[in-house]
Amino acid sequence: MKRIVPTLLTALALLLLVPAIALAQDHESQQAENEALVVNFYNRFFNDHDVREAARVVAEDYRQHNPHVPDGKAPFVDYFAGFFKDHPNSKARIVRSAAKDDLVWLHVHSQEDAEDRGEAVVDIFRVRDGQIVEHWDVIQPVPEKSANDNTMF
């Protein structure tokens with residue numbers, strides 16, 4: 001009996017642990033899928049300027065926190081279609097990305113053309129059910145001179 005109790009307790013602990021491990025793996029997998037979805041969208045939208053096709057992953061009721069860009073998928077697409085018409089050489093290089101829960105962060109060097117020093121951008125997207133539903137950004141111009149030798153990227 002002395003051997004059976006520890007064996008049963010070990011078996012019970014393993015039975016309880018397996019679903020927790022599976023849940024954690026599912027969560028990590030979902031975060032990776034969200035990150036891949038946003039990175040793919042971002043490159044197609046802001047680098048290829050394939051706004052209509054790339055925006056297929058943007059929810060119709062997309063919520064925008066940038067005060068210059070309207071809420072909603074169609075107004076968002078229209079806004080940037082106009083921007084890309086005026087700035088056909090604009091690019092947005094993703095320097096790094098990360099995901100946590102339903103949020104994906106991108107650190108980006110955005111430029112209107114090759115001669116532009118550009119802006120350092122942190123974009124934050126909320127993803128729900130395979131759709132981008134919300135966006136925030138923080139934008140800072142890349143200065144000509146810096147008080148240190150570090151880059152913004």
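Student: Which residue in S5 stands opposite valine 58?
Tutor: This is a predicted model. S1 and S5 run parallel here, joined by three bridges. Across from valine 58, the S5 partner is isoleucine 132.

Student: How many bridges join S4 to S5, and do they run parallel or antiparallel?
Tutor: Take one facing pair to start: aspartate 123 stands opposite aspartate 137 in S5. The two strands also form a hairpin, with two residues between them. S4 and S5 run antiparallel, and the bridge count is 10.

Student: Which residue in the turn of that hairpin has a positive phi?
Tutor: Most residues other than glycine have a negative phi. The loop to look in lies between S4 and S5. There, a residue that is not a glycine has a positive phi of about 55°. The residue in the turn is aspartate 129.

Student: Is aspartate 129 buried or exposed?
Tutor: The cut-off for exposed is over 50% relative accessible area. Aspartate 129 has 77%, so the residue counts as exposed.

Student: What is the phi of aspartate 101?
Tutor: S2 covers residues 91-100 and S3 covers residues 103-111. They form a hairpin with two residues between the strands. Aspartate 101 belongs to that hairpin and takes a positive phi, near 55°.

Student: How many bridges join S2 to S3?
Tutor: The strands run antiparallel. Serine 97 and leucine 106 in S3 stand opposite each other. The number of bridges between S2 and S3 is nine.

Student: Which residue in S4 stands opposite valine 108?
Tutor: S3 pairs with S4, residues 119-128, in the antiparallel sense. Eight bridges make up that pairing. Facing valine 108 in S4 is valine 121.

Student: Where is histidine 49, and what is its phi?
Tutor: Histidine 49 sits in the loop between H1 and H2, the latter being residues 51-54. The residue is not glycine, yet its phi is positive. The value is near 60°.

Student: What is the pattern of helices and strands along the protein chain?
Tutor: The chain holds three helices and five strands. Read along the sequence, the order is α-α-β-α-β-β-β-β.

Student: What volume does the largest pocket have, and which residues are closest to its centre?
Tutor: The volume is about 550 Å³. The lining counts 27 residues. Closest to the centre are Phe80, Phe83, Ser110, Glu119 and Ile139.

Student: Which element gives the most to the lining of the largest pocket?
Tutor: Several elements each supply at least two residues, including H1 (4-47), S1 (58-64) and S5 (131-141). The lining divides into 13 nonpolar, eight polar and six charged residues. With five residues, the top contributor is H3.

Student: How far apart are the C-alpha atoms of glutamate 144 and arginine 117?
Tutor: Glutamate 144 lies in the segment after S5. Its relative accessible area is 65%, so glutamate 144 is exposed. Along the chain, glutamate 144 and arginine 117 are 27 residues apart. Their C-alpha atoms are separated by 7.7 Å.

Student: What percentage of the residues in the protein chain is buried?
Tutor: Buried means under 20% relative accessible area. The chain has 153 residues, and the buried part makes up 28%.

Student: What part of the exposed area do carbon and sulfur atoms supply?
Tutor: The protein chain exposes about 10100 Å². The part from carbon and sulfur is 55%.

Note on methods. Residues are numbered from 1 along each chain as its sequence is written. This is a predicted model: local features need pLDDT of at least 70, side-chain atom pairs count only at pLDDT 80 or more; totals for chains, interfaces and linings use all residues. Side-chain values use heavy atoms; hydrogens and water are left out. Helices (H or I, at least four residues) and strands (E, at least two) are DSSP runs, numbered from the N terminus. Buried means under 20% relative accessible area, exposed over 50%, partly exposed in between (1.4 Å probe, protein chains only). Accessible areas come from the Shrake-Rupley method with a 1.4 Å probe; for residues, only the protein chains shown count as cover. Two strands pair if DSSP finds at least two bridges between them. On a 1 Å grid over the protein atoms alone, a cavity is a set of points where a 1.4 Å probe fits but cannot get out, and a pocket is an open set with protein on both sides within 12 Å along at least five of seven lines; lining residues have an atom within 4 Å of a point. Grid points are joined across faces, edges and corners, and a volume is the space filled by probe spheres set on the points. Ala, Val, Leu, Ile, Met, Phe, Trp, Tyr, Cys and Pro count as nonpolar, Asp, Glu, Lys and Arg as charged, and the others, Gly among them, as polar.
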